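Subject: A structure for you to explore

Hello! I am passing a structure on to you, with some notes to read beside it. Please open it first and take a look around.

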Amino acid sequence: MKRVIMLLMLSAATLFAADRFMVTTVEVEWQAFKTPKKVPVKGTFTKAKLSSKDASTVEKALVGALLRIDSKSVASGNEGRDAKLVKFFFDLFKYPLIDAKITAVKGKKVTVAFSMNGVTKKVVMKADKISVEGIVLTGSIDMLDFGLGKALKSINQACFDLHKGKTWSDVSLKAVLGFDRQSH
């Protein structure tokens, strides 16, 4: 009987001493392309809300994490460009929010459900630099997959000379997610 009680106490102590993880920070960078030579234009968003759950592993903490971005908070480092992006691109979205929800983690592949313009598409992103402190995700999306042909045409026309008649539909993404690690 003493042995059973000791085993239960050790099991409980191990359970309560286990690390817990939660996604607490995220930085998102995008890179769009212009001109026939595919010149990159980089930026981010200044208004985003992150929600995640407390979990026993990094993978479990990632699944279900949701980032809700205000598309009109675009920040490319150029105020004039940002104003044009809002007026001629993001204002044409059916909904101003962009959602990115992690739905699966398998090794170095993370599936993210992106919702934009009333369309949701799952995209597999590559996971790099995975640690208990954080993870870096990279991948790309195509604006045409989200019914944004009209918005793409609008920004291309507004910036026709600067883009030399070409605005690309693919956008590269990089997300750096940070974990809060607590021992219980």
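Below is what I found, starting with the whole chain and then going into a few places in it.

**The chain as a whole**

Please keep in mind that this is a predicted model. The chain has 184 residues, and buried residues make up 35% of them. It contains four helices and 10 strands. If you follow the sequence from start to end, the pattern reads α-β-β-β-α-β-β-α-β-β-β-β-α-β. Among the contacts with a separation of 6 or more, 64% are between residues 24 or more positions apart.

**The largest pocket**

How much space lies in the largest pocket? It comes to about 700 Å³. The pocket is lined by 41 residues, and the closest to its centre are Trp-30, Phe-45, Phe-90, Val-171 and Leu-173. Which element gives the most to this lining? That is strand E1, with six residues. Sorted by class, the lining has 34 nonpolar residues, five charged ones and two polar ones.

**Helices H3 and H4**

Helix H3 covers residues 79-88, and its buried residues are Asp-82, Leu-85 and Val-86. These three lie on the same side of H3, because they cover an arc of only 95° around the axis. What covers them includes strand E1 (19-34), strand E5 and helix H4 (149-158).

Take a look at the N-terminal end of H3 as well. Asn-78 caps this end, with a side-chain oxygen 3.0 Å from the backbone nitrogen of Gly-80.

Helix H4 has buried residues too: Ala-151, Leu-152, Ser-154, Ile-155 and Asn-156. They pack against H3, and H4 is in turn among the elements that cover the buried residues of H3.

**Ser-73 and Ala-75**

You can find Ser-73 in the loop between strand E4 (66-70) and strand E5 (74-75). Is Ser-73 buried or exposed? Its relative accessible area is 6%, and buried means under 20%, so Ser-73 is buried. Leaving out residues up to four places away in sequence, Ser-73 touches Thr-44, Phe-45, Thr-46 and Lys-47. With Lys-47 there is something particular to look for: the side chain of Ser-73 reaches the backbone nitrogen of Lys-47 at 3.0 Å.

Ala-75 sits in strand E5. Its relative accessibility is 21%, and the partly exposed class runs between 20% and 50%, so Ala-75 counts as partly exposed. Again leaving out residues up to four places away in sequence, Ala-75 touches Gly-43, Thr-44, Thr-46 and Asp-82. Asp-82 may ring a bell, as it is one of the buried residues of H3. Lys-47 comes up here again: it is 28 residues from Ala-75 along the chain, and the C-alpha atoms of the two are separated by 9.8 Å.

**Thr-35**

One more place to visit is the loop between E1 and strand E2 (39-45), where Thr-35 lies. With a relative accessibility of 7%, Thr-35 counts as buried. Which residues is Thr-35 in contact with, leaving aside its neighbours within four places in sequence? They are Leu-162, His-163, Lys-164, Lys-166 and Trp-168.

Enjoy exploring, and write back with any questions!

Best wishes

Terms used: Residues are numbered from 1 along each chain as its sequence is written. This is a predicted model: local features need pLDDT of at least 70, side-chain atom pairs count only at pLDDT 80 or more; totals for chains, interfaces and linings use all residues. Side-chain values use heavy atoms; hydrogens and water are left out. Helices (H or I, at least four residues) and strands (E, at least two) are DSSP runs, numbered from the N terminus. Buried means under 20% relative accessible area, exposed over 50%, partly exposed in between (1.4 Å probe, protein chains only). A polar contact is a pair of N or O atoms within 3.5 Å; within protein, one must be able to donate a hydrogen and the other to accept it, and residues adjacent in sequence count only if both atoms are side-chain atoms. Contact means heavy atoms within 4.5 Å. The arc is that of the directions from the helix axis to the C-beta atoms. On a 1 Å grid over the protein atoms alone, a cavity is a set of points where a 1.4 Å probe fits but cannot get out, and a pocket is an open set with protein on both sides within 12 Å along at least five of seven lines; lining residues have an atom within 4 Å of a point. Grid points are joined across faces, edges and corners, and a volume is the space filled by probe spheres set on the points. Ala, Val, Leu, Ile, Met, Phe, Trp, Tyr, Cys and Pro count as nonpolar, Asp, Glu, Lys and Arg as charged, and the others, Gly among them, as polar.
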